[in-house]
Amino acid sequence: MNGTVLSRRVTCNGHGQNSSYFLGWQEYERNPYHHITNPSGMIQMGLAENQLSFDLLETWLVSHPEATDFKNAGGSLSLFRQLALFQDYHGLPAFKVALAEFMSELRGNKVSFDPNKLVLTAGATSANETLVFCLANPGEAFLIPTPYYPGFDRDLKWRTGAEIIPIHCSSTNGFRLSKQALEDAYRRATKLKLQVKGVLITNPSNPLGTTMTPIELSTLADFIEAKNLHLICDEIYSGTNFITPSDFISIKQVVSQRPHLSNQVHIVYSLSKDLGLPGFRVGAIYSENDLVVEAATKMSSFGLVSSQTQYLLAKMLGDKEFTRNYIVENKARLKERHYKLVNGLGDIGIECLESNSGLFCWVDMRHLLKRNSFKSEMELWKKIVYDVGLNISPGSSCHCNEPGWFRVCFANMTEATLDLAMQRLRDFVQNGGVMRRQRSLGPTAIAWWARRLLTASEKRVEQLSR
């Protein structure tokens with residue numbers, strides 16, 4: 001066979017697999033912690049999964065066997081054939097109605113969602129990529145506030161050919177979005193001769209765990225109006241805001257006060273975080289722009305949600321007593337676990353950015369760096385991964401422009417595992433950044449890390465120079 005086996009698209013570095021974010025996952029998979037079979041293994045604190053409320057879901061399933069029996073309300077007629085043959089990419093109407101109502105409920109019913117303006121996708125990853133395909137040509141750019149979810153480098157750029165220009169936010173104001181930061185990013189894009197098509201935000205923020213303030217949202221709305229840009233709001237953590245009463249403000253509320261912007265604003269949602277169902281691959285795009293809905297619906301045929309999944313979730317989300325109780329209890333559990341992590345870190349002199357949402361904390365370890373540099377951040381991260389046995393995500397993988405910050409997840413493990421993680425970190429800090437029993441790193445692993453971290457460092461320098 002002449003030539004290469006694979007295309008340039010799949011062999012390019014755009015997937016981001018050399019990021020320390022993904023490398024940490026690979027290291028965890030080599031040596032995963034288990035309280036019985038591998039108690040000295042690595043604890044996964046780099047995965048934003050919500051495993052705190054599975055018992056609520058399982059209890060509902062036990063008491064509602066009709067949701068998985070695929071029978072009609074009376075139980076006399078099987079729906080298996082109907083569901084097995086259903087492949088309309090518009091989705092099951094009953095599920096779209098239930099999802100739209102659940103989205104409204106999460107936002108305190110301050111806004112409503114039209115089911116006909118929802119496009120179902122195989123998770124938020126697919127939703128974000130589909131929107132970029134719809135809104136931008138290859139080589140055009142989106143502005144994203146830093147720090148941001150490392151997977152966006154893959155989701156938004158790899159197959160679409162779009163570019164990301166970071167909006168650099170600073171710890172001096174709690175990484176809040178400002179008009180100056182927006183304008184600076186736009187100028188940098190212009191200097192690079194990139195056509196800016198829009199702004200993408202996560203609200204609540206991943207990795208900060210914070211909700212955007214009314215001032216930030218107003219600044220953002222003013223900016224996209226002045227520049228005539230699209231705004232993609234990834235709100236997949238909207239149900240994790242554990243403050244009572246909720247201080248999460250959906251962009252839908254902002255648009256309701258500025259209806260002339262409705263064609264420019266698009267919302268991404270998923271059940272992966274709020275319900276803890278990432279394996280179900282259920283995501284959605286909501287847009288008031290009919291052209292975007294039409295185009296995204298056509299593109300959704302490449303990543304549909306299975307009919308049996310839609311049927312099950314239509315039943316679950318249609319149970320209003322269950323959703324009401326679940327939202328309250330899930331937030332209470334997240335708040336308790338967040339408190340436990342923040343206090344555990346505080347006891348050993350490690351502070352966190354004040355936060356009110358999410359499945360993680362943005363942790364300040366700048367005082368543990370030998371030098372104020374990203375090289376020193378990577379050295380500390382490797383110690384925590386290999387010596388302490390915790391996979392956490394370094395700030396540089398989230399494109400933070402200040403070394404020493406880390407994202408630490410707390411909702412994907414048992415309370416006992418979190419206690420063990422805190423004990424390991426406490427031993428590390430009290431011993432001056434050295435573990436008494438270090439995990440050895442063989443020559444093959446050293447070479448493997450050297451190749452990948454060199455590539456990652458080179459990319460980081462290039463990004464910061466923009």
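Strand 7 (residues 265-270) is a good place to start, since six of its six residues are buried. This is a predicted model, and in the protein as a whole, buried residues make up 54% of the 466 residues. The secondary structure comes to 17 helices and 13 strands. Below, the tour moves from strand 7 to the sheets, then to the salt bridges and a patch on the surface.

**Strand 7 and its partner**

- Val265, Ile267 and Tyr269 point one way from strand 7, while His266, Val268 and Ser270 point the other way; all are buried.
- There is a general pattern to have in mind here: in a regular strand, side chains alternate between the two faces of the sheet.
- Strand 6 (residues 230-234) pairs with strand 7 in the parallel sense, over four bridges.
- Two pairs of residues help you find this pairing: Cys233 stands opposite Ile267 in strand 7, and Asp234 stands opposite Val268 in strand 7.

**The seven-stranded sheet**

- Strand 7 belongs to an open sheet of seven strands, in the order 2-8-7-6-5-3-4, with mixed pairing.
- At the edges you will find strand 2 (118-121) and strand 4 (163-167), each of which pairs on one side only.
- On average, neighbouring strands of this sheet are turned by 25° against each other, direction ignored.
- Helix 9 (residues 179-191) packs on this sheet and touches strand 3 (141-145), strand 4 and strand 5 (196-202). The direction of helix 9 makes about 145° with that of strand 4.
- Helix 10 (residues 214-227) packs on the sheet too, touching strand 3, strand 5, strand 6 and strand 7. The direction of helix 10 makes about 165° with that of strand 5.

**The four-stranded sheet**

- Four strands form another open sheet, in the order 9-10-13-12, with antiparallel pairing.
- Strand 9 (351-352) and strand 12 (393-394) stand at the edges with a single partner strand each, so one side of each has no neighbour in the sheet.
- Strand 12 pairs with strand 13 (residues 405-409) in the antiparallel sense over two bridges, and the bridge partner of Ser393 in strand 13 is Arg407.
- Helix 14 (residues 320-347) packs on this sheet, touching strand 9, strand 10 (360-364) and strand 13. Its direction makes about 15° with that of strand 10.
- Helix 15 (residues 374-388) lies across strand 12 and strand 13, running at about 30° to strand 13.

**Salt bridges**

- The structure holds 20 salt bridges. As general background, side chains of opposite charge can pair when their charged atoms come close.
- Lys227 forms a salt bridge with Glu183, with the closest N and O atoms 3.5 Å apart. Lys227 lies in helix 10 and Glu183 in helix 9, so the pair ties together parts that are 44 residues apart in sequence. Lys227 counts as partly exposed, at 27% relative accessibility.
- Arg258 forms a salt bridge with Asp222, with the closest N and O atoms 2.7 Å apart. This pair links the loop between helix 11 (251-257) and strand 7, where Arg258 sits, to helix 10, which holds Asp222; the two residues are 36 apart. Arg258 counts as buried at 17% relative accessibility, whereas Asp222 is partly exposed at 41%.
- Lys340 forms a salt bridge with Glu415, with the closest N and O atoms 3.5 Å apart. Because Lys340 lies in helix 14 and Glu415 in helix 16 (residues 415-430), the pair ties together parts 75 residues apart in sequence. Lys340 is partly exposed, with a relative accessible area of 27%, and Glu415 counts as partly exposed at 40%.

**Around Leu56**

- Leu56 is in helix 3 (residues 54-63), and at 21% relative accessibility it counts as partly exposed.
- Leaving aside neighbours within four places in sequence, Leu56 is in contact with Phe322, Tyr326, Glu329 and Arg333.
- The C-alpha atoms of Leu56 and Asn325 are separated by 9.3 Å, though the residues are 269 apart along the chain.
- Asp55, Glu329 and Arg333 are linked in a network of salt bridges.

**The surface**

- The accessible surface of the protein comes to about 21000 Å², of which 53% belongs to carbon and sulfur atoms.
- Val5, Leu6 and Val10 form a nonpolar patch on the surface, with about 310 Å² of accessible area together.
- Val5 is found in the segment before helix 1 (8-11) and is exposed, with a relative accessible area of 72%.

Note on methods. Residues numbered from 1 in each chain as written. Predicted model: local features only at pLDDT ≥ 70, side-chain atom pairs only at ≥ 80, totals over all residues. Heavy atoms only, no water. Patch = residues over 30% accessible without salt bridge, like charges linked within 9 Å, V, L, I, M, F, W, Y side chains within 5 Å. Areas by Shrake-Rupley, 256 points an atom, 1.4 Å probe, with all protein chains shown as cover. Salt bridge = Lys/Arg side-chain N within 4 Å of Asp/Glu carboxyl O. Buried < 20%, exposed > 50% of the residue type's maximum accessible area, 1.4 Å probe, protein only. Pairing = 2+ DSSP bridges. Contact = heavy atoms within 4.5 Å. Axes fitted to C-alpha atoms, helices over the stretch in contact; angles between N-to-C directions.
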